[in-house]
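Reader: I have a protein chain to get to know before I go back to the bench. Please show it to me, and then I will ask my questions.

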Amino acid sequence: MATTTKGTRNGYGSAFHSQGIQNRVIAKKQAQAAVMTEEQKKAKWADEVNNFLSEGIEVTKQQEKLLNIGKSYFSNVRKTQSTLGAFGISGNFVPPTVTDIFESATWITKVGCNQSKRDEFFPNLVNAQLQPIKVEKVYSDDPDVYEEYPDQEIGNNKLLRKFEGKGSLVDPLVVLFYCFYCEKLGDELLKVRSKLLKHKHVIITKYYRIELDLDGNGKKEYSRIVVERR
């Protein structure tokens, strides 16, 4: 004779229902334990900065300009973040503060060291046989916009790769990381300048011309990134 389960939810029995509640309670406690207090975040961030400084990296005048770009970019990121509680060395890493070039350098180094995204912006580094490529990323504050245009030939026998859609706060940091460490990657940082509008920046290396429009509006961290192989 078949047995029936009475007083259960969805026929799975009270044990299953209780286990589901228990799992949710455990998950909630784990999430609460993972959130650092403000003081803990500041202390951890101070350790990260000190670790960077202990490497004794010397900064040139042009590199210092890059780090000032990172510092100003941080203010855009803060405006778009509803919470800064997620603190970890990851793609969404947002430190408590970036108030000087040393904190900026630490942030750029920790988050901008993203190999897959670097390959996206600088494909010639991966395949030197590729013809010169111009990569353009336009950040839309409309989450439903997602367009990736196919490669197109443009002037001087270059390819244009254009992407429009919701970008990532990591994107400018990846570009700044490359420019800061480009000598180690076989390139050379030549010039960094900001246009009249302080959020527009042009970076020239031996092999690339880069435009950063970091005009954040509280909905997006930046507006446009162009990386063009010279």
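Reader: How many helices and strands does the protein chain have?
Author: This is a predicted model. Along the sequence, the elements run α-α-α-α-α-α-β-β-β-α-β-β-β-β. The secondary structure comes to seven helices and seven strands.

Reader: What share of the residues in the protein chain is buried?
Author: Buried here means under 20% relative accessible area. The protein chain has 230 residues. The buried share is 38%.

Reader: Which residues touch the most other members of the largest nonpolar core?
Author: This core holds 45 residues. Elements that give two or more residues to it include α2 (38-53), α4 (101-112), β1 (133-139) and β6 (208-213). The members with the most contacts to other members are W107, V175, I203 and I210.

Reader: Which element gives the largest share of this core?
Author: Several helices and strands give two or more residues, among them α3, α7 (170-180), β4 and β7 (224-229). The largest share is nine residues, and it comes from α7.

Reader: Why is α7 largely enclosed by the rest of the structure?
Author: Look at its buried residues, which include V170, D171, P172 and C179. V175 is buried as well. The helix is largely enclosed because its buried residues number eleven of eleven.

Reader: Which elements give two or more residues to the positive surface patch?
Author: The patch is formed by K61, K65, K191, R193 and K195. K65 lies in helix α3. The elements that give two or more residues are α3 (61-80) and β4 (189-194).

Reader: Is K65 buried, partly exposed or exposed?
Author: The relative accessibility of K65 is 38%. Buried means under 20% and exposed means over 50%. K65 falls in between, so it counts as partly exposed.

Reader: Which residues form the nonpolar patch on the surface?
Author: Together they have about 230 Å² of accessible area. One of them sits in the loop between α7 and β4: L185. L185 is partly exposed, at 32% relative accessibility. The patch is formed by L125, V126 and L185.

Reader: What distance separates the C-alpha atoms of Y149 and E164?
Author: Y149 belongs to strand β2 (residues 146-154). Y149 is partly exposed, with a relative accessible area of 28%. Along the chain, Y149 and E164 are 15 residues apart. Their C-alpha atoms are separated by 8.3 Å.

Technical notes
Residues numbered from 1 in each chain as written. Predicted model: local features only at pLDDT ≥ 70, side-chain atom pairs only at ≥ 80, totals over all residues. Heavy atoms only, no water. Patch = residues over 30% accessible without salt bridge, like charges linked within 9 Å, V, L, I, M, F, W, Y side chains within 5 Å. Areas by Shrake-Rupley, 256 points an atom, 1.4 Å probe, with all protein chains shown as cover. Salt bridge = Lys/Arg side-chain N within 4 Å of Asp/Glu carboxyl O. Lys, Arg positive; Asp, Glu negative; His and termini not counted. Charge placed at Lys NZ, Arg CZ, Asp CG, Glu CD. Helix = DSSP H or I, 4+ residues; strand = E, 2+ residues; numbered from the N terminus. Buried < 20%, exposed > 50% of the residue type's maximum accessible area, 1.4 Å probe, protein only. Core = buried A, V, L, I, M, F, W, Y, C linked by side-chain atoms within 4.5 Å.
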